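Dear colleague,

Please find below the structure that I am handing over to you. My findings follow it.

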Amino acid sequence: MSNTTPHYLFLTTSTRESGHLGNTEWLAQQAAAALPAGTVQTWHHLARMSLPPFVDLRHTVGTYPVPEGDLKTLLDATLAATHIVFVSPVYWFSIPSPLKTYLDHWSGWMRVPGLPFKEQMAAKSLFLITTSGDRAKAQPMIDSVELCAKFLSMPWGGALWGKGGPPGAVQADAQAVAQAAHFLLPK
Ligand SMILES: Cc1cc2nc3c(=O)[nH]c(=O)nc-3n(C[C@H](O)[C@H](O)[C@H](O)COP(=O)(O)O)c2cc1C
């Protein structure tokens with residue numbers, strides 16, 4: 001597969017129990033279903049993976065080993081993707097802790113000897129699909145994710161927001177459902 005073949009990586013971060021489909025993931029499924037037939041998709045559920053706490057070694061060891069286990073799975077999936085989609089509800093005006101942990105590890109991946117992580121990330125687009133109770137109060141979280149994209153020179157695909165709540169609530173947000181049908185398509 002060439003680097004330019006579209007490959008969408010969906011990282012879900014809701015902490016709902018297994019088997020309980022959250023609003024954000026449901027909305028992301030609608031967006032994914034609108035991709036051209038055959039588009040490669042990889043989905044990972046961060047809250048169901050074993051992500052070690054991030055340790056800041058920048059000013060001691062200075063470098064990081066190639067990760068192992070689930071973290072290696074995520075690094076490989078991240079590098080293989082052309083489009084990365086954070087499927088993340090708003091938690092406390094911010095991102096859920098599994099996504100924060102994954103993002104913190106980007107700092108380590110930038111310092112794995114021989115791994116041009118930063119250079120490769122600049123070729124990937126970053127999208128955010130999110131739900132929460134209130135659109136205006138989601139803005140700091142959306143801004144934060146966009147700034148992460150900018151930090152790594154990643155093209156910003158934008159944010160798709162839907163009104164969440166209990167499972168199924170976002171299905172009543174007709175605007176979000178309509179936007180999902182074209183959100184991930186080339187603009
Ligand atoms: C720990 C926690 C923190 C939350 N914080 C916010 C918040 O700051 N603002 C908000 O509007 N909704 C907040 N919510 C509500 C969720 O964003 C909302 O229910 C969302 O649709 C859940 O997504 P999910 O169904 O995909 O899990 C919070 C929910 C949880 C569990």
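In which loop is the place of Trp92? Trp92 sits in the loop between β3 (83-87) and α3 (97-109). Please bear in mind throughout that this is a predicted model.

Backbone and exposed loop residues

Most residues other than glycine have a negative phi. Trp92 is not a glycine, yet its phi is positive, at about 50°. Trp92 has 8 C-beta neighbours inside 10 Å, and because a residue with 12 or fewer is classed as exposed, Trp92 counts as exposed.

Ser153 is also not a glycine and has a positive phi, of about 55°. The loop that holds Ser153 runs between α5 (135-151) and β5 (156-163). Ser153 is exposed, since 12 other C-beta atoms lie within 10 Å.

A further loop residue is Ala37, found between α1 and β2 (40-45). Ala37 is exposed because it has 4 other C-beta atoms within 10 Å. Ala37 and Val90 are 53 residues apart along the chain, and 30 Å separates their C-alpha atoms.

Overall architecture

The chain contains 6 helices and 5 strands. Read from the N terminus, its elements follow the order β-α-β-α-β-α-α-β-α-β-α. The chain has a radius of gyration of 16 Å, close to the 16 Å given by the globule rule for 187 residues, and it is therefore as compact as a globular protein of that length. Along the principal axes, the C-alpha atoms of the chain fill a box of roughly 50 × 35 × 30 Å.

Of the 187 residues in the chain, 34% are buried. Among the contacts with a separation of 6 or more, 77% join residues that are 24 or more positions apart.

An unreviewed UniProt entry places the feature "domain: Flavodoxin-like fold" at residues 10-138. In the model, this span is 35% helix and 17% strand, and its end C-alpha atoms lie 20 Å apart.

The nonpolar core

In soluble globular proteins, nonpolar side chains tend to be buried together. Here, the largest nonpolar core has 39 residues. Leu11, Leu27, Ala31, Val85 and Ile129 are those with the most contacts inside this core. The element that gives the most to the core is α1, with 5 residues.

Which residues does Val85 touch, leaving aside those up to four places away in sequence? They are Tyr8, Leu9, Phe10, Leu11, Ala28, Phe127 and Ile129. Two of these contacts, Leu11 and Ile129, are listed with Val85 among the core residues with the most contacts.

The surroundings of the ligand

There are 19 residues around the ligand, and Gly22, Thr24, Pro89, Gly133 and Gly164 come nearest. By type, the shell divides into 6 nonpolar, 9 polar and 4 charged residues.

Which elements each supply at least two residues of this shell? They are α1 (23-33) and β4 (125-132). The most is given by α1, with 3 residues. Thus α1 gives the most to the shell around the ligand and also the most to the largest nonpolar core.

When you open the model, I suggest starting with α1, given its part in the shell and in the core, and then turning to the loops that hold Trp92 and Ser153.

Yours sincerely

Note on methods:
Residues numbered from 1 in each chain as written. Predicted model: local features only at pLDDT ≥ 70, side-chain atom pairs only at ≥ 80, totals over all residues. Near = placed C-beta within 6 Å. Helix = DSSP H or I, 4+ residues; strand = E, 2+ residues; numbered from the N terminus. Nonpolar A, V, L, I, M, F, W, Y, C, P; charged D, E, K, R; others polar. UniProt positions renumbered as here; feature names shortened; annotations may be inferred. Core = buried A, V, L, I, M, F, W, Y, C linked by C-beta atoms within 7 Å. Buried ≥ 20, exposed ≤ 12 C-beta atoms within 10 Å, placed from the backbone. Contact = placed C-beta atoms within 7 Å. Rg over C-alpha atoms; globule rule 2.2 N^0.38 Å.
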